[in-house]
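Take a look at the model below. The paragraphs after it walk through two surface patches and a pair of strands.

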Amino acid sequence: MRRPDTPPGTSAAIGAALYGLATRAARRLPRDMSLTSAATLATLDRTGPRRITDLAAVEGVTQPAMTTLVRVMEESGLVERRGDASDKRVTLVCLTEAGASYVRTRRQAGIHAFERLIGRLTGDEVEALVAALPALEHLAALEGQDREGPKR
C-alpha cells in the first residue's frame, strides 16, 4: 500500500533495499547458532521472560519446535526456566547473563559491520542516512509492534 503523496514504486524500492540489506547482514553474522535461536534470544532480551507458546508465535515456529530449541539453549546456559510469580502454573523462559552477553556481542558485531560499510559512503550519503534516522527508527518500532504482540 502506498501513501497518496509517494510516487508509485517508491515504497517498494525502499522495501526492497531494506530487505536486501537486512538479509545480507543476517547472512554475514557468525553461524554459531541458528537464526531462530539467535532471534529468540534477542526477543527475550527486548521483551523479558516469555512463555514458550508466546515465543513460538513470535518466532513463527511450532510450540514443540520452540520447546526443543529452548531445551538446547537451556543446556548451553543461555536461557533458564522460572515459575511465574503471578501464576504458579506458568513457566517462563528467561535470558541468563550468558544469554544476554551473547545478544550484546552479536548486536555489537552487527553494528560494527554496518559502521565499516557506512565508512565507505560519501559525505552526502552519510548525511542522507542521518536525515533518514528518525524514519528508520519509527519503522523499526512499527515492525516490532507487529511482530512481538503483547509483552509479558
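Why does Arg-24 count as partly exposed? Arg-24 has 47% relative accessibility, so it counts as partly exposed (buried is under 20% relative accessible area, exposed over 50%, partly exposed in between; 1.4 Å probe, protein chains only).

The model is predicted: local features need pLDDT of at least 70, side-chain atom pairs count only at pLDDT 80 or more, and totals for chains, interfaces and linings use all residues. Residues are numbered from 1 along each chain as its sequence is written, and side-chain values use heavy atoms, without hydrogens and water.

Arg-24 lies in helix α1 (residues 10–28). Helices (H or I, at least four residues) and strands (E, at least two) are DSSP runs, numbered from the N terminus. Arg-24 joins Arg-27, Arg-28, Arg-31 and Arg-120 in a positive surface patch. Patch residues have over 30% relative accessible area and no salt bridge; like charges are joined within 9 Å, nonpolar side chains (Val, Leu, Ile, Met, Phe, Trp, Tyr) within 5 Å. A salt bridge is a side-chain nitrogen of Lys or Arg within 4 Å of a carboxyl oxygen of Asp or Glu. Lys and Arg count as positive, and the charge of Arg is placed at CZ.

A nonpolar patch also lies on the surface. Its members are Leu-21, Phe-114, Leu-117, Ile-118, Leu-121 and Leu-129, with about 440 Å² of accessible area together (Shrake-Rupley method, 1.4 Å probe). Helix α5 (residues 97–118) gives the most, three residues. Leu-129 sits in helix α6 (residues 123–148). Leu-129 counts as partly exposed because its relative accessibility is 37%.

Now the strands. β1 (residues 79–84) and β2 (residues 87–95) pair antiparallel over six bridges (pairing needs at least two DSSP bridges). Glu-80 has Cys-94 in β2 as its bridge partner. Two residues separate β1 from β2 in this hairpin.
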